[in-house]
Amino acid sequence: MTSIHDVAALAKVSIKTVSRVVNKAPNVSDALRDRVQAAIAQLGYRPNQSARRLAGGRSFMIAFLYNNPAPGYVSRIQMGAAWRCRDLGYHLVVEPLSPGGEERFDVLDRLVAALRPDGVLLVPPLADDQALLDKLTQMQLPCARIAGSAPSPSFTISTPEQAAGRMVADHLTGLGHRRIGVITPPPSHHAALRRVDGFREGLEAAGIAAEEALFVPGRFDFASGIAAGETLLALPDPPSAIFATNDDMALGVLTLAHRIGLRVPEDLSVTGFDDTSASLTSWPPLTTVRQPLEDMGRAVIDALAQGAQGTPEFTFTLIERGSSGPPAA
């Protein structure tokens, strides 16, 4: 069986250099890295994961913990994280947690006891679960979050939620809509609540008073989109457009519109948020806000596996498709 010593001899480098290349360590020159990788390929060398764990005190596992009812959002972050883990020689372990209660701590304790992950990735709403963040700090388990705002020493990717909400408002008011319904996020999703703040800013900038009856709560799932849409469209003066703060709820509104015979966008414009795969396959395709979710998943893995090299900044983009248009004359 080919050993690390064979690779070092063929590449004419030290065993330590081979180890640094295998472990994707920074500060290795491209020329040296290429030479070692060529030797690895020529010899068909495969690192012994058990030996790597023993030598470095690492498990080469990262735990992705989530409690988010929007499967499209979670799956795209998971995809980016999983591919980056593969690039770096890590494995991603995915574990759903229950909201609140002590059960989530029991799951975490069992996970850590069995696998000893090198770090934990959190997305909303767990990214703002203060008790969970405190528990991870107490366990001295590195953590990286997407869109977290609760106090924590963890690496955090901040997201431009408020600016994105303003973009949606500017888009709909620019089309001529004056009565716009909003399906708001669950209160535990602190980052997503800023989308509503930005939307209110956009209404104010357009000279439109925010009418509270047009702000209806949702749960970030398809069914709550239908229910909130029914509430909004049953108003004596229903809105000509609806902004759902995630795609799953927006798709619920689209389904409701088709069911009751409203044409989209001629009778009702609908916009979402996240640019999940379903937003492109719906009819009509959904106007939405694109988050670079795969890239964010990769970035948090880099932070956990290689150490944070500064906090990256990501841009959200409004994707205009067929579900939004001017209001009926």
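This short talk walks through one sheet and two helix pairs in the structure above.

Good morning, everyone; please keep in mind throughout that what we have here is a predicted model.

Let me begin with the sheet. As general background, the strands of a sheet pair through backbone hydrogen bonds, and they do so either parallel or antiparallel. In this model 5 strands come together in an open sheet, their order being 2-1-3-4-5, and the pairing is parallel. At the edges we find strand 2, residues 91-96, and strand 5, residues 155-157, and since each has a single partner strand, one side of each is left without a neighbour in the sheet. If you follow the sheet from one strand to the next, the twist averages 20°.

To look at one pairing in detail, take strand 3, residues 119-122, and strand 4, residues 143-146, which run parallel and are joined by 3 bridges. Within that pairing, Val-120 has Cys-143 of strand 4 as its bridge partner. Packed on the sheet is helix 5, residues 71-88, which touches strand 1 (61-66) as well as strand 2, strand 3 and strand 4, and whose direction makes about 155° with that of strand 2.

Now I turn to the helix pairs. In general, two packed helices are described by the angle between their axes and the distance between the axes.

The pair I will take up now is helix 1, residues 4-11, with helix 3, residues 30-43; their axes come within 9 Å and cross at roughly 125°. That angle makes helix 1 oblique to helix 3, and the crossing is right-handed. On the side of helix 1, the contact is made by Asp-6, Val-7, Leu-10 and Ala-11, while helix 3 contributes Arg-35, Val-36, Ala-39, Ile-40, Gln-42 and Leu-43. Sorted by character, the residues of this contact are 7 nonpolar, 1 polar and 2 charged.

Further along the chain, which helices should we compare with that pair? Helix 10, residues 222-233, and helix 11, residues 247-260, pack at an angle of about 55°, and their axes are 7 Å apart. Helix 10 and helix 11 are therefore oblique to each other, and their crossing is right-handed. Among the residues that meet here are Phe-222, Ile-226 and Leu-233 from helix 10, and Met-249, Leu-256 and Ile-260 from helix 11. The contact of helix 10 with helix 11 divides into 8 nonpolar, 5 polar and 3 charged residues.

Thank you for listening.

How values were computed
Residues are numbered from 1 along each chain as its sequence is written. This is a predicted model: local features need pLDDT of at least 70, side-chain atom pairs count only at pLDDT 80 or more; totals for chains, interfaces and linings use all residues. Side-chain values use heavy atoms; hydrogens and water are left out. Axes are lines fitted to C-alpha atoms, for helices over the stretch in contact, and angles run from 0 to 180 degrees between N-to-C directions. Helices (H or I, at least four residues) and strands (E, at least two) are DSSP runs, numbered from the N terminus. Angles under 35 degrees count as roughly parallel, over 145 as roughly antiparallel, 65 to 115 as roughly perpendicular and the rest as oblique. A crossing is left-handed if the near helix is turned anticlockwise from the far one by less than a right angle, and right-handed if clockwise. Contact means heavy atoms within 4.5 Å. Ala, Val, Leu, Ile, Met, Phe, Trp, Tyr, Cys and Pro count as nonpolar, Asp, Glu, Lys and Arg as charged, and the others, Gly among them, as polar. Two strands pair if DSSP finds at least two bridges between them.
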